[in-house]
Amino acid sequence: MTIPLEDIDLRLDAATAGPWQAVVWNDPVNLMSYVTHVFRTYFGYTRERAEQLMLAVHHVGHAVVAEGAREQMELHVQAMHDYGLWATVREGDA
Amino acid sequence: MSTKVLMELSLLEAAHLTDLVEQFADLLAESGEADERTPAPDDPAILRLVPDAYRTDDDAAHEFRRLTQGDLLARRRDDAALVLGTLQRDGQALQPADIDRVDAETPLIVELDPASVSAWLRTLTSVRLVLATRLGITDDDAHDADDPRFGVYDWLGFRLEGLLQALED
């Protein structure tokens, strides 16, 4: 039984900000256009926001793509893995 | 993304892509079903598809793996099967050996509904990740022009880019 991830609707604005973060890391394989596509499609970010995050991943090496409750960040990271992105969960700065 | 996307490949391209995705499906099958302990995959290429979700907490990483790895790898198998289905001609899988010179450039129009587009994006990406691991691509500049596998890797990127472009139009 596989979970239809596309059906999970997790809007950032519906989440209470929490101390956990979903982080996407740079890799030399995934295309910049693909990473932007994932951020737009999955998170529903605007093109501008998605491109900002993609560029941060590319140039800084990683970017926090969402913050909130730990379980929710784990769902986001699982979704990023499903897209082939390298993502991790971590505790945010206090 | 509600409308269908049309992709045009040559028959030879479609046959080679079929071969590549079949190899990917075989690799996934070899990685086996996750057992209860859900160890991390031995093959670094498969491991890249299900990376550790925690960098500094091994217990949390293992628990995440236990909960997600089986589903994620099953989805890779399902996606690969869906892609292979869209690449068939007259219900038959194309094989490079069966394509003669005359047929090689014959176009194959592949019609993709949203679910198929999603499966294509994820599968092209996954196959590129596997190839990158095999080729030892660890930074943006790693590129050995003499290795023909880089040609395949680049071609997959070209097709992926084309598909993303088609979604924008």
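B:Arg159 is partly exposed, because 17 other C-beta atoms lie within 10 Å; on this scale a residue is buried if 20 or more other C-beta atoms lie within 10 Å of its own, exposed if 12 or fewer, and partly exposed in between, with C-beta atoms placed from the backbone. The residue sits in helix H6 (residues 148-168) of chain B, where helices (H or I, at least four residues) and strands (E, at least two) are DSSP runs numbered from the N terminus. A separation of 22 Å lies between the C-alpha atoms of B:Arg159 and B:Leu27, which are 132 residues apart along the chain. This is a predicted model, in which local features need pLDDT of at least 70 and side-chain atom pairs count only at pLDDT 80 or more, while totals for chains, interfaces and linings use all residues. Residues are numbered from 1 along each chain as its sequence is written, and chains are lettered from A and ligands numbered from 1 in the order in which they are written.

A good next stop is B:Leu124, which belongs to helix H5 of chain B. B:Leu124 is buried, because 28 other C-beta atoms lie within 10 Å. Apart from neighbours within four places in sequence, B:Leu124 is in contact with B:Leu156, B:Arg159 and B:Leu160; two residues are in contact if their C-beta atoms, placed from the backbone, lie within 7 Å. From B:Leu124 to B:Val83 the C-alpha distance is 9.4 Å, with their positions 41 residues apart in sequence.

Chain B as a whole has six helices and two strands, and its elements follow the pattern β-α-α-α-α-β-α-α along the sequence. The C-alpha trace of chain B spans about 55 × 40 × 35 Å along its principal axes. Of its 169 residues, 25% count as buried. Among contacts in chain B with a separation of 6 or more, 77% are between residues 24 or more positions apart.

Chain A, with three helices and three strands, reads β-α-α-β-α-β from the N terminus on. Here 47% of the 94 residues count as buried, and residues 24 or more positions apart make up 72% of the contacts with a separation of 6 or more. Strand S1 (residues 20-25) of chain A runs antiparallel to strand S2 (residues 62-68) of chain A, joined by six bridges; strands pair if DSSP finds at least two bridges between them. In this pairing, A:Trp25 stands opposite A:His62 of S2(A). S1(A) also pairs with S3(A), in the antiparallel sense and over six bridges, and there A:Ala22 stands opposite A:Val89.

The strand residue A:Ala22 reappears in the largest nonpolar core, which has 57 residues; A:Ala22, A:Val24, A:Phe39, A:Val65, A:Leu85 and A:Ala87 touch the most other members. The largest share of this core, eight residues, comes from helix H5 (residues 114-135) of chain B. Such a core is a set of buried Ala, Val, Leu, Ile, Met, Phe, Trp, Tyr and Cys residues joined through C-beta atoms within 7 Å. Not counting residues up to four places away in sequence, A:Ala87 touches A:Ala22, A:Val23, A:Val24, A:Trp25, A:Val77, A:Met80 and A:His81.

Where the chains meet, the contact takes 19 residues from chain A and 28 residues from chain B. On the side of chain A that touches chain B, helix H1 (32-43), helix H3 (70-82) and strand S3 (86-91) each supply at least two residues. H3(A) gives the largest share of that side, five residues.
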